[in-house]
Amino acid sequence: MQAFEEQDYTKRFDLSLWKKLLRIAKPYHRNLFYIIAFMGVCAIMDVLLPRMNAYAIDVYIAGQSTEGIGGFIAAYVLMTAIQVGCIFGFLRQSGFVETSTCYLIRKLGFRKLQELPFSYYDRMPVGYLMSRLTNDTQRLADTIGWSLVDLCWGAVFLVACTVQMLVLNWRLTLIVLLVLPPLAVISWKFQKGILEAYRQVRKRNSQITAGFNEGINGAKTTKTLVREEMNIEEFDVCAREMRHASVRAATLSALFLPIVVSLGSLATAYAMVRGGYSVLGGVMTLGTLQVFINYTVQFFQPVRDIARIFAELQSSQAAAERVISLLETEPDIVDSPEVEAVFGDNFHPKKENWPKLVGDIDFEDVTFRYKEGEKVLEHFNLHVKHGQTIALVGETGSGKSTIVNLVCRFYEPTEGRVLIDGEDYRTRSQLWLQSNLGYVLQSPHLFSGTVADNIRYGRPDASDEEVRRAAQMVGAEPFILKMTDGYNAKVGEGGNRLSTGQKQLISFARAILTNPAIFVLDEATSSVDTETEQLIQNAIQTVLSGRTSFIIAHRLSTIRSADRILVIQNGEIIEDGTHRQLIARQGYYYQLYTNQFQEEQGLEILDGKA
């Protein structure tokens, strides 16, 4: 299981949180208004219909009269029809609000995920994000669509019912209302426990989702390392903790509701006894007693509903805190308002104002540290001319990837500046720079769809001819044409129908198709066979010509033609030159190259003997 620990939330019921959610649901405020109106009318009908029953008892039954019964029936039928119509209206509107709010929050959440930089994904596991945008979002949609409107009905009904009861018998009503203060105290006592239990439920649910995600993605590793039993034990610990928190939350809710019901029943019983004596003494009519008892019973129905909704809101607040925290996450890297005004943002680019990117790159006294980590670069300086191919060599953790990530503005310097074409790249939009990037990862990611879809992923408007030309440039077309459907062949989830080398060539073609000014190959040949490596080397010779490019290399044979080879150690450049120059110096690069060359030669000899 992941060691990542989510943020803990300790606030009690937070009204401001729900105000934020209602602001998010602003497009559906009109529908919420309709729901409140329908529920309000229903509540009033629920109060008036018992008065109609009382009238019927006193006049038509006790009074043994049928005068005016036709008008009474018509009025009763009309009120019932109004109630039925309002119930249909509120059910329809509530269903619409629920599904629409769920859609809206997920859309905003996905948009936020597109805006957040790499640093966010470095510290946030996929399973936690999945849980926020699925389970937590559905919980909030249910709450806004149904629970909040139930609260509106309960509030209107309680007010109208209280007024009617006071009119009928104010002394008896005040005695019944004495139950409310104890209910308020009990609610306050239960609030903290229920909310904390549900927070733990949501937190553990995220961890379980993350566990499923890791278990599925790491299935091969689990099998090869025979980790099944240990994984089950680790997962069982988290699952037990969620079960414990769920049982605690259910227990508290189970105790809370019966207490409310019991207090309401005591009040109803008291009203029945006192009212019965009043009827026997001739102070109150039978119809009045019937309607008063009816109101007393009904009075505690919305109180019970509110108690139930209150318990649900505790659970929903735990979900709301997590979703809002995602939606309100501020990216570590943002364009200034001045930059956005000129160049636009990620979703509304003003490409007409974008300058042409040439490819001159400068690091000026750059210092960089990851959040809560040690420094990776300190007072780092580098000048790269446009069109140069720069190879970065060094041990794992030396700072190679950090340098490239800073060039791409996936991260920004802690101190110092990175200049693109002589300008601090923070004076340009992120989209401007990253639209001019071609990036091929060590472990390429393909999306479900066809080969052609994946190649044109960065340029959906690319023609079939442009897709084929990009594949030809990187040497991918021969294996593509051998597939049953050629460019229309399905690659499978994550490209699982293709070999690593084939995925690498397709990702290379995808990067080429966008015609980038800056190209990055991040150990692109470290996981491919010799034949694919040769194809990529041939592509590098032609594709990178005229582009500023960075190659992070594990296999040094792939970088012999680079214009400059930088040997990085502890965030510093310890050697800089061409392949020939560095070999002639017989320094660190020479040792790396000769050791790797001898190792490869030994493997070839062994393969030959085999």
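The following exercises, each with a worked solution, concern the sheets, helix contacts and largest pocket of a predicted model.

**Exercise 1. The open sheet of 4 strands**

Find the strand order of the open sheet of 4 strands, and explain why one side of β2 and of β5 is left without a neighbour in the sheet.

Solution.
- Step 1. The strands of this sheet run in the order β2-β1-β4-β5, and their pairing is antiparallel.
- Step 2. The edges are held by β2 (375-384) and β5 (423-424); each has a single partner strand, so one side of each lacks a neighbour in the sheet.
- Step 3. For the pair of β2 with β1 (residues 361-369), count 6 bridges in the antiparallel sense. As a check on the register, take V366: its bridge partner in β2 is F380.
- Step 4. Now add the helix. Helix α12 (residues 400-407) packs on this sheet, where it touches β1, β2 and β4 (415-420). The direction of α12 makes about 120° with that of β1.

**Exercise 2. The open sheet of 6 strands**

Work out the order and pairing of the open sheet of 6 strands, then place the helices that pack on it.

Solution.
- Step 1. The order is β6-β7-β8-β3-β9-β10, and the pairing is mixed.
- Step 2. β6 and β10 (572-577) are the edge strands; since each has a single partner strand, one side of each is left without a neighbour in the sheet.
- Step 3. From one strand to the next, the twist averages 15°.
- Step 4. Within the sheet, β3 (residues 389-393) and β9 (residues 564-569) pair in the parallel sense over 4 bridges. V393 has V567 in β9 as its bridge partner.
- Step 5. Helix α12 packs on this sheet and touches β3, β6, β7 (518-522), β8 (548-552) and β9, with its direction at about 155° to that of β8.
- Step 6. Helix α17 also packs on the sheet; α17 touches β6 and β7, and its direction makes about 175° with that of β6.

**Exercise 3. Two helix contacts of α5**

Describe how α5 packs against α6 and against α1, using the angle and the axis distance.

Solution.
- Step 1. Helix α5 (residues 126-168) and helix α6 (residues 170-177) pack at about 135°, with axes 6 Å apart. The angle makes α5 oblique to α6.
- Step 2. On the α5 side, the residues are T162, M165, L166 and L168; they meet W170, T173, L174, V176 and L177 of α6. Sorting the residues of this contact gives 7 nonpolar, 2 polar and no charged.
- Step 3. Helix α1 (residues 15-24) packs with α5 at about 95°, and the axes lie 12 Å apart. Angles of 65 to 115 degrees count as roughly perpendicular, and α1 and α5 are therefore roughly perpendicular to each other.
- Step 4. W18, L21 and L22 of α1 make this contact with L140, T143, I144 and L148 of α5. The residues divide into 6 nonpolar, 1 polar and no charged.

**Exercise 4. The largest pocket**

State the volume of the largest pocket, then identify the residues and elements that line it.

Solution.
- Step 1. The volume is about 2,400 Å³.
- Step 2. The lining has 45 residues, and those closest to the pocket centre are Q114, F118, F410, F447 and Y457.
- Step 3. Two or more lining residues come from each of α3 (69-115), α4 (118-123), α5, α13 (430-434), β6 (437-440) and α17 (500-513).
- Step 4. By class, the lining comprises 28 nonpolar, 11 polar and 6 charged residues.

Definitions and conventions: Residues are numbered from 1 along each chain as its sequence is written. This is a predicted model: local features need pLDDT of at least 70, side-chain atom pairs count only at pLDDT 80 or more; totals for chains, interfaces and linings use all residues. Side-chain values use heavy atoms; hydrogens and water are left out. Two strands pair if DSSP finds at least two bridges between them. Contact means heavy atoms within 4.5 Å. Axes are lines fitted to C-alpha atoms, for helices over the stretch in contact, and angles run from 0 to 180 degrees between N-to-C directions. Angles under 35 degrees count as roughly parallel, over 145 as roughly antiparallel, 65 to 115 as roughly perpendicular and the rest as oblique. Ala, Val, Leu, Ile, Met, Phe, Trp, Tyr, Cys and Pro count as nonpolar, Asp, Glu, Lys and Arg as charged, and the others, Gly among them, as polar. On a 1 Å grid over the protein atoms alone, a cavity is a set of points where a 1.4 Å probe fits but cannot get out, and a pocket is an open set with protein on both sides within 12 Å along at least five of seven lines; lining residues have an atom within 4 Å of a point. Grid points are joined across faces, edges and corners, and a volume is the space filled by probe spheres set on the points.
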